[in-house]
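Biologist: I would like to take a close look at a single part of this protein, and I would be glad if you could go through it slowly enough for a first-year student to follow.

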Amino acid sequence: MKRKITWYFLILILGTAIAVGGACCIITDRYYKSQIREEMLLELSIIEQDPLLREGDYDQLAEKYAPILNIRMTVVEKSGTVLFDTLEEVDGNHAQRPEIVEAFLEGTGFSERKSDNEDSRQYYAAKDIGNDLVLRISKPQQNADRALRNILLAVVGCCILCAAAAVLLSLRFSKKIVGPLQKLKNHVEKNIEAPRMTIIDSAGFDDEILELAVAYNNLADKVNGQMDEIEKLQSMRSDFVANVSHELKTPLTSIRGFIETLRGGAMEKKDVADRFLKIIDIEAVRLQNLINDILVLSKIEKMEEDPTVAEFSLNALAKEVLDMLTPLAKEKNIQMELSASEEIKMTADESKIRQLLVNLVSNAVRYNKEHGSVTVILKRLPEDRVQIVVNDTGIGMNRDDCERIFERFYCVDKGRSQKNGGTGLGLSIVKHIANLYHGDVGVESTPGEGSTFTVTLHV
Ligand SMILES: Nc1ncnc2c1ncn2[C@@H]1O[C@H](COP(=O)(O)OP(=O)(O)OP(=O)(O)O)[C@@H](O)[C@H]1O
Ligand SMILES: [Mg+2]
């Protein structure tokens, strides 16, 4: 790349220098020759005015002008015969000399060519002086062209200087472009192997290459972000699988244990057999609940919008849930209360909102104390929002637990939770249902005093 840029530069600048130099030479050459022509025609006019010419005293005339003007002087008849020449010996008929032909035709003539009588190139200017005669003067080109040669030399010199400057410039230029590109390429190659994309240091980069580096760094940030997300999802998935397996294994192990004991003879004692069968039933229900919860969760997780919505009364639904959980509450003498300032109609999937309420209220009862209380408050908020608050006077929890209880399978106290038949999926389901209705859920709790869960839904 570096070499290519240098070559392109060199060819471009040399080409331009040669083209400009060539054009200069051609223009100068033309201008110079037109100047010589004018000058020689003027000299001819001056000589023509001289009385010596009219007297036909060519010797005197030549003696007078040839040395000062550094010219050869010739007088030619129309027939081509040379009547006079400052050269002692002149060969041939001059009728076909271009400047003579032109002078007889147009009054004046000019040409440049190699002389037949002198061994050098000459400029010739001729003028018709009447009486079928042409006066011609000539000058050697060597003297006249010295100036032209100097100009040519200057142009060639310029070309060489330009080429040298071009090489230096192109080296600098290509280093400036190729250097950062090379750095970028090496960086990208290194990143292909690396587990995480690293940011390129763009110090010393300019213009488009700087923009490229910035774009690359943005891409790296995005890719790294996505990788983090993927890793998080992967670890969540494997945690989930491990948790599910564990939660399934515990009741199954217990069921198998009791079956073994029954087979081993416990069947014979009716009261013992009844107790064991009850436990087996409880464990089977726990398994069923767990599988149901997992199915519900995975179904809601996949949904972006709920397709099965209908209008229903939230007040009526909450009352139904409280009635359903009254037997559970009674076990601990817990007081349950529903508070709503107005009738709230909402449009959603009633069964999902029922599940949300059951999960929150059953927690409020389960994690409550003897003679505690549970209050459910329903509120209509502006912008089509509904708020459900479930407040209890239960065991509460500390701040760290509050932040984690919406995670799947998270239980503050595993033993207590399991005793209550819980697996740690209830609040995770609540959160997913709230999110499905573009809402959220939050908790405020004080250990030993109670908790308040607040759900806001857009319906
Ligand atoms: N009202 C509450 N008061 C105190 N702790 C609570 C309350 N609600 C939930 N928790 C704590 O949060 C944990 C997670 O609750 P979540 O409802 O998700 O699971 P669970 O009740 O253990 O089981 P599941 O609801 O799946 O049967 C519970 O184990 C409990 O420790
Ligand atoms: Mg629960």
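Which strands does helix H12 lie across, and at about what angle does H12 run to E11?

Modeller: Before anything else, please keep in mind that this is a predicted model. The mean pLDDT of the protein chain is 89, with 98% of its residues at 70 or more. Confidence is highest in E10, at 97, whereas helix H11 (residues 414-419) has the lowest, at a mean of 68. Where pLDDT is low, the predicted coordinates should not be read in detail.

To your question: H12 lies across E11 and E12, and the helix runs at about 140° to E11. To see where these two strands belong, follow the open sheet of 5 strands, whose order is E7-E9-E10-E12-E11 and whose pairing is mixed. Strand E7 (335-340) and strand E11 (440-446) are the edge strands, each of them pairing on one side only. From one strand to the next, the twist averages 15°. Within this sheet, E9 and E10 run antiparallel and are joined by 8 bridges; as one example that you can look for in the picture, Val376 has Val390 in E10 as its bridge partner.

The next step is to look at the residues themselves, and Val430 is a helpful place to begin. Leaving aside residues up to four places away in sequence, Val430 touches Leu356, Asn359, Leu360, Val441 and Val455. Val430 also belongs to the largest nonpolar core, which has 36 residues, and is one of the members that touch the most others, together with Leu357, Leu360, Val361 and Val455. Several elements each supply at least two residues of this core, namely helix H8 (314-331), strand E8 (345-348), helix H9 (350-366), strand E9 (373-381), strand E10 (385-392), helix H12 (426-436) and strand E12 (450-458). The largest share, 7 residues, comes from H9. So that you do not take this core for the whole story, there is also a second, separate core of 17 residues, which includes Leu44, Ile47, Val76 and Tyr124.

For comparison, you may also look at another set of strands, where strand E1 (residues 72-77) and strand E5 (residues 133-140) run antiparallel and are joined by 6 bridges, with Glu77 standing opposite Leu133 in E5. E1 is joined to strand E2 (residues 82-85) as well, by 3 bridges and again antiparallel, and the bridge partner of Thr74 in E2 is Asp85. The hairpin of E1 and E2 has 4 residues between the strands, and there Gly80 takes a positive phi near 105°.

Note on methods
Residues are numbered from 1 along each chain as its sequence is written. Chains are lettered from A and ligands numbered from 1 in the order in which they are written. This is a predicted model: local features need pLDDT of at least 70, side-chain atom pairs count only at pLDDT 80 or more; totals for chains, interfaces and linings use all residues. A nonpolar core is a set of buried Ala, Val, Leu, Ile, Met, Phe, Trp, Tyr and Cys residues joined through C-beta atoms within 7 Å. A residue is buried if 20 or more other C-beta atoms lie within 10 Å of its own, exposed if 12 or fewer, and partly exposed in between; C-beta atoms are placed from the backbone. Two residues are in contact if their C-beta atoms, placed from the backbone, lie within 7 Å. pLDDT is the predictor's confidence in each residue, from 0 to 100. Two strands pair if DSSP finds at least two bridges between them. Axes are lines fitted to C-alpha atoms, for helices over the stretch in contact, and angles run from 0 to 180 degrees between N-to-C directions.
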